[in-house]
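Here are a few notes to go with the model you asked me to look over. Have it open beside you as you read.

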Amino acid sequence: MTKTITPKTNCSAEQFLEQCAARVVRELEQSIAAHHDKPLTEVIRYASFDGGKRVRPGLIYATASALDIDYEKVDAIACAVELIHCYSLVHDDLPAMDDDAIRRGKPSCHKAFGEAEAILGGNAMQVLAFEYLAATKQLSDIHKLRAIYLLASASGLAGMASGQIMDTRDMDGKIDLDYLEKTHRLKTGSLMASCITIPLACKDDCSASVHRALTAYAEDIGLCFQIQDDILDVLEPCATPTGRQNELNYISVVGIERTRELLTMYCERCLQHLEKLREKAKALRAITHYIATRSS
Ligand code: GRG
């Protein structure tokens, strides 16, 4: 069995994310191994293990570090959020959604396994996420309940699913900045925010000012991520999936110059929110810079 990796905060964001990726993949490998004989396990492994920047686990371990929470306590949270994220990519790539043939440099899940396996594999990943949270021995019952509630609301009607339908509807060119931001806050922002708010909800002795600062950071970091995603979509199309072109993009709504200004504004706002946490927020600060400047 491979050794548990402890992500170090005194290195670059890329190295920190690599260590978080190794840690979360090891955790997922171990628990999925228990289901090795089940027919959907191969689909889940395919959709969860290769590639992916693992930004969400990175944010979770970085928040744990900022709040002095042991990494063991957030392992199940990192696995659960990453499973929901990977699941959303599987369904997002389906012909009824973005119809993407390639994901993370290899055939998308429905191309490799067929639509029925991709739909069911995705469904299984979604509920497996909640199974992790319910089963972990590292969180108290009240913390588990809070985590389950926050993850369910981030991914369901109050979050990602609603953002996805706003993104999928034909708006006949009637998209303004307000609609765009509402969609992105739900579709991308809510799950990313949960990477901060779930560890925060598992910390009982957090000061009100740190709580406020991290909650504000959680609300802004997803938009920062999405704006850079939109820039990459348009300026570096090879860096992103290739399916249906999306009119819901910052650049088509406000132009490249304003998009860059918005990215700078959200990135600075995120860094300001972190000031309150001083050195404790070192890893969160590094990931913020990475999110706003990444090339894939
Ligand atoms: C969870 C109930 C429920 C429904 C899901 C299909 C769907 C409904 C939502 C799709 C949401 C979606 C695909 C959002 C896009 C978010 C986004 C920017 C994805 C790319 O994230 P990266 O760059 O991907 O972190 P990697 O591959 O690095 O992990």
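**Notes on the model**

1. First, a reminder that this is a predicted model. My starting point is I256, which you'll find in helix 11, the run covering residues 250–275.

2. I256 has a relative accessible area of 31%, so it counts as partly exposed, the class between 20% and 50%. I256 also joins V234 and L235 in making a nonpolar surface patch of about 220 Å².

3. Next, have a look at helix 8, residues 160–168. Its buried residues are M160, S162, G163, Q164, M166 and D167. What covers them? Helix 4 (71–92), helix 7 (141–155) and helix 9 (177–201) are among the elements that do.

4. Helix 4 turns up again at the second largest pocket: helix 4, helix 1 (13–33) and helix 6 (115–135) each supply at least two residues of the lining. The pocket holds about 350 Å³ of space. In total, 15 residues line the pocket, and E27, S31, A76, Y132 and T136 are the ones nearest its centre.

5. Last one: S12, in the segment before helix 1. Which residue, 278 residues away along the chain, has its C-alpha atom 9.1 Å from that of S12? The partner is Y290. As for exposure, S12 has a relative accessibility of 31%, so S12 is classed as partly exposed.

Conventions. Residues are numbered from 1 along each chain as its sequence is written. This is a predicted model: local features need pLDDT of at least 70, side-chain atom pairs count only at pLDDT 80 or more; totals for chains, interfaces and linings use all residues. Side-chain values use heavy atoms; hydrogens and water are left out. Buried means under 20% relative accessible area, exposed over 50%, partly exposed in between (1.4 Å probe, protein chains only). Helices (H or I, at least four residues) and strands (E, at least two) are DSSP runs, numbered from the N terminus. Contact means heavy atoms within 4.5 Å. Patches are made of residues with over 30% relative accessible area and no salt bridge: like charges are joined within 9 Å, nonpolar side chains (Val, Leu, Ile, Met, Phe, Trp, Tyr) within 5 Å. Accessible areas come from the Shrake-Rupley method with a 1.4 Å probe; for residues, only the protein chains shown count as cover. A salt bridge is a side-chain nitrogen of Lys or Arg within 4 Å of a carboxyl oxygen of Asp or Glu. On a 1 Å grid over the protein atoms alone, a cavity is a set of points where a 1.4 Å probe fits but cannot get out, and a pocket is an open set with protein on both sides within 12 Å along at least five of seven lines; lining residues have an atom within 4 Å of a point. Grid points are joined across faces, edges and corners, and a volume is the space filled by probe spheres set on the points.
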